[in-house]
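Visitor: Hi! Could you walk me through how the parts of this protein fit together?
Guide: Happy to. Let's have a look.

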Amino acid sequence: MAKPAKSSFVCQACGATSTRWSGKCVACNEWNTIAEEANLAAVPGSGMTRALKGRAVALETLDVRTEEAPRIPTGIAELDRVTGGGIVPGSAILIGGEPGIGKSTLLLQLAASLANAGRSAVYFSGEEAAAQVRLRAERLGLTKSPVLLAAETNLTNIIATLEAGRRPDLVVIDSIQTLWADALDAAPGTVSQVRAATQSLIRFAKQSGSALLLVGHVTKDGQIAGPKVVEHMVDTVLYFEGDSGHPYRILRAVKNRFGASDEIGVFEMVGHGLAEVANPSELFLGDRDATAPGAAVFAGIEGTRPLLVEIQALVAPSKLGSPRRAAVGFDQNRLSMILAVLAARCGVSFAEHDVFLNVAGGLRITEPAADLVAAAALLSSFSGISLPMDEVYAGEISLSGAVRPAAHMTTRLREAQKLGFKRAIVPAAGELEVKSLKLKLTRISHLKALAEALGPCE
Ligand code: TYD
Ligand code: MG
């Protein structure tokens, strides 16, 4: 019988195994995903192990009452909101974001906030020297807070340090891509290093009850770099997003085992760090120009929080064979779909026009309920008719041109009312607590109604 090989080559994207390395995985066609892995002791039942006797574990029922996970309030309300009420001890949080967006700043502020509240927080910086982190602390006015700091990238040293001292409540690793384990013969940032480092740190966190916060780099298409398995291993994945041209930063939960996964926290980068923004609607509406056509206000919702934001459109005659369609903060495919529906169902063709759509303040909208407001902004820019300043929109558009209801309509409209809006264009279908609303509602069932009111005169 042939001896089992010492190692095999495993695709980090799909898990396919092969006996040789190759640049491209034959199973999933991904490039550069094959990594050599030492063969673990063969799986029980495969016939390759000696029959080891397992230990029977106690089985439980589902109705055993468990305590609500205890939480450490962070002292930063926006962060508490995103994590679902504070950080859970023993949990692991991965926070991703583009370089320079403010990850290190946020985590230093978090560590300081916990340390000031009498908890122990340890900050391992793999990217910056201790002096650089201290400089940032100076800028943030946090030099007096008892955060423990080390510039270290060796995983074994980090684990040893953590095990030696008092059990920390919070461990920050900035960033996971800089760590390396001596045992592995691969460069820092490679799939196997990132995975091994994450695994060891999570094991430490689970055993000690320390909360773990990992910074993750993102690739050029916005994903957290390294193996997808890291996102599966941690309890919570947060993305820190924003536009470098704007001071606003959005912390978005995309996975959360201990809370809602669609919450956002809003921050503003100021001279002394990240400031919380408690009422983001006021901020994203900004200074509005009453006379300019092409702007419309969306009554949106992010997680549990209603959020009003201005959408701007520009429709300009094009000399190009295939006119430009560009969207900032809005899904490009949804823009194409709305343009197609306007052309096919409402007779408004943009075939000879360049179309630009922008979400004010650097926010990114992912809700389908923003279809109607985008259509309104496009039609307004096309026809040159400005929309009333005190009007909001919400509703999804289907391919037939029907306007479909969006979730939490009443909450959206209540927020609009609170901010002084007087009118709303909403879908005809769907429940609405009309009694509690003083807004003048126009309920439409088809996009045609909007196109007729705003459509360019033929
Ligand atoms: P940083 O936290 O280093 O980003 P990351 O760790 O995500 O790469 O933030 C860097 C940017 O933030 C930098 O361009 C300067 C800016 N900044 C401020 O505007 N005010 C501040 O108080 C701080 C600390 C940084
Ligand atoms: Mg950083």
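**Domains and their interface**

Guide: The domain assignment splits the protein chain into domain 1 (7-38), domain 2 (77-278) and domain 3 (282-454). Keep in mind that this is a predicted model.

Visitor: Okay, domain 2 and domain 3 then. How far apart are their C-alpha centres?
Guide: Those centres are 36 Å apart.

Visitor: And how many residues are in contact there?
Guide: Domain 2 brings 15 residues into contact with 12 residues of domain 3.

Visitor: What area is buried between domain 2 and domain 3?
Guide: About 1200 Å², with carbon and sulfur atoms giving 50% of that.

Visitor: Which three residues of domain 2 supply more of its buried area than any other three?
Guide: Those are Tyr-248, Arg-252 and Ile-264, which supply 37% of the area that domain 2 buries against domain 3.

Visitor: Switching to charges: how many salt bridges are there between the two domains?
Guide: Three salt bridges are counted between domain 2 and domain 3. Arg-252 comes up again here: this residue forms a salt bridge with Glu-302, and their closest N and O atoms are 3.1 Å apart.

Visitor: What about polar contacts, how many residue pairs?
Guide: Six residue pairs are in polar contact across the interface of domain 2 and domain 3, counting pairs with both residues at pLDDT 80 or more.

Visitor: Which elements give two or more residues to domain 2's side?
Guide: Helix 1 (77-83), strand 10 (248-256) and strand 11 (264-270) do so on the side that touches domain 3.

Visitor: And how do the residues on that side divide by type?
Guide: Six are nonpolar, two are polar and seven are charged.

Note on methods: Residues are numbered from 1 along each chain as its sequence is written. Chains are lettered from A and ligands numbered from 1 in the order in which they are written. This is a predicted model: local features need pLDDT of at least 70, side-chain atom pairs count only at pLDDT 80 or more; totals for chains, interfaces and linings use all residues. Side-chain values use heavy atoms; hydrogens and water are left out. Domain bounds come from an automatic or database domain assignment. Contact means heavy atoms within 4.5 Å. Buried area is the accessible area (1.4 Å probe) that two parts lose on being put together, summed over both. A salt bridge is a side-chain nitrogen of Lys or Arg within 4 Å of a carboxyl oxygen of Asp or Glu. A polar contact is a pair of N or O atoms within 3.5 Å; within protein, one must be able to donate a hydrogen and the other to accept it, and residues adjacent in sequence count only if both atoms are side-chain atoms. Helices (H or I, at least four residues) and strands (E, at least two) are DSSP runs, numbered from the N terminus. Ala, Val, Leu, Ile, Met, Phe, Trp, Tyr, Cys and Pro count as nonpolar, Asp, Glu, Lys and Arg as charged, and the others, Gly among them, as polar.
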